[in-house]
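Here are a few notes for a first look at the aromatic side chains. Have the sequence and the 3D view open as you read.

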Amino acid sequence: MITLTEENYIKAIYHLSKHGKDMVNTNALAEAMNTKASSATDMVKKLAEKSYVDYKKYQGAILTETGKSIAVNVIRKHRLWEVFLVDKLHFSWDEVHDIAEQLEHIKSPKLIDKLDAFLGHPTHDPHGDPIPDKHGDFTFIDKILLAHAQIGCVYNCVGVNDSSSDFLKYLNTNHIELGTRLEVLYKEAFDNSMKIKIGNREIMVSNTVAQNLYIQEI
C-alpha cells in the first residue's frame with residue numbers, strides 16, 4: 001500500500017519534472033518538500049524499490065509509468081475536490097488548496113468517479129489548471145503569461161502560475177479572477193511592470209504578478 005508521504009513525493013517529482021518528462025535532482029526535491037537532501041534521497045530510494053521511480057545516483061529520479069499514473073491520479077482528486085469546495089460549498093479559491101491536499105489521498109476510485117460525474121466532468125479547477133479524466137488525459141488550453149502580452153490587446157484571465165493563498169488574495173483585492181477581461185495599456189521598460197485596464201479601472205501590476213497570471217487573447 002502506498003503511503004500519504006510517498007504520494008506527496010511522487011506528486012512533487014511529477015511537477016518538478018515537467019509532467020514526468022525530466023530527471024529531478026534530490027536537492028530540488030528536498031527544497032520542494034521542505035526537508036533535508038538526505039531525507040529526500042532516502043525516500044527516492046524507497047520509491048525506486050517499489051518501481052515508482054528510476055533513480056540514478058548523483059543525477060536524480062524520474063517517474064516510471066506506474067509513478068506517473070499515481071501522480072496524475074492524485075492530481076485528479078486534488079483538482080476535483082477544489083472544484084467541489086468552490087462550486088458546491090462556496091469556498092473562495094484562496095481557501096481550497098490546503099483542504100484538497102488532505103482530500104486528495106482518499107483511496108476510493110468509486111467515490112472520485114461519482115464526484116467527477118456529480119460536478120459534470122469539469123476540465124479545469126478553480127485556478128485554471130487542467131483536470132485529468134479517469135484515463136489520465138488532460139484538456140489543455142492555449143495560454144500565455146501576462147508578462148508576454150502585447151500592448152493594446154484584450155485578454156481573458158484563464159489561470160494562475162502561483163496558487164498560493166497570498167497571491168490569490170491579492171487578485172481578489174484587485175477584482176481579478178478567472179474570466180476577467182483585461183486590456184494591456186502600457187509596459188514599463190525599467191521593471192517590466194504593466195498598466196492594465198479592467199472594466200473602467202486602470203491599475204499597475206508588478207512583473208511578479210505578470211509572471212504568475214495566465215491569459216488568453218480574445
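How many aromatic pairs does the structure hold? Bear in mind that this is a predicted model.

1. The count comes to four aromatic pairs. Take F84 and F118 to begin with: their ring centres are 6.5 Å apart and the planes meet at 55°, a tilted pair. It's a link between distant parts of the chain, since F84 belongs to helix α4 (residues 65–87) and F118 to helix α6 (residues 109–118), 34 residues apart.

2. Now stay with F118 for a moment. Is F118 buried or exposed? It's exposed, because its relative accessible area is 53% and the cut-off for that word is over 50%. K88 lies over the face of this same F118 ring, 5.2 Å from the ring centre.

3. W81 belongs in this picture too: ring pairs join W81, F84 and F118 into a cluster.

4. Next, have a look at F138 and F140. Why is this pair called stacked? The planes are at 25° and the centres 5.5 Å apart, and planes under 30 degrees apart count as stacked.

5. The two partners in that stacked pair are worth checking one by one. F138 has a relative accessible area of 21%, so it's partly exposed; buried would need under 20%. F140, with 55%, is exposed.

6. One last spot to click on is Y214. The charged end of K143 sits over the Y214 ring, 4.2 Å from its centre.

Conventions
Residues numbered from 1 in each chain as written. Predicted model: local features only at pLDDT ≥ 70, side-chain atom pairs only at ≥ 80, totals over all residues. Heavy atoms only, no water. Phe/Tyr/Trp six-rings, centres within 6.5 Å; stacked < 30°, edge-to-face > 60°. Helix = DSSP H or I, 4+ residues; strand = E, 2+ residues; numbered from the N terminus. Buried < 20%, exposed > 50% of the residue type's maximum accessible area, 1.4 Å probe, protein only. Lys NZ or Arg CZ within 6 Å of the ring centre and 35° of its normal.
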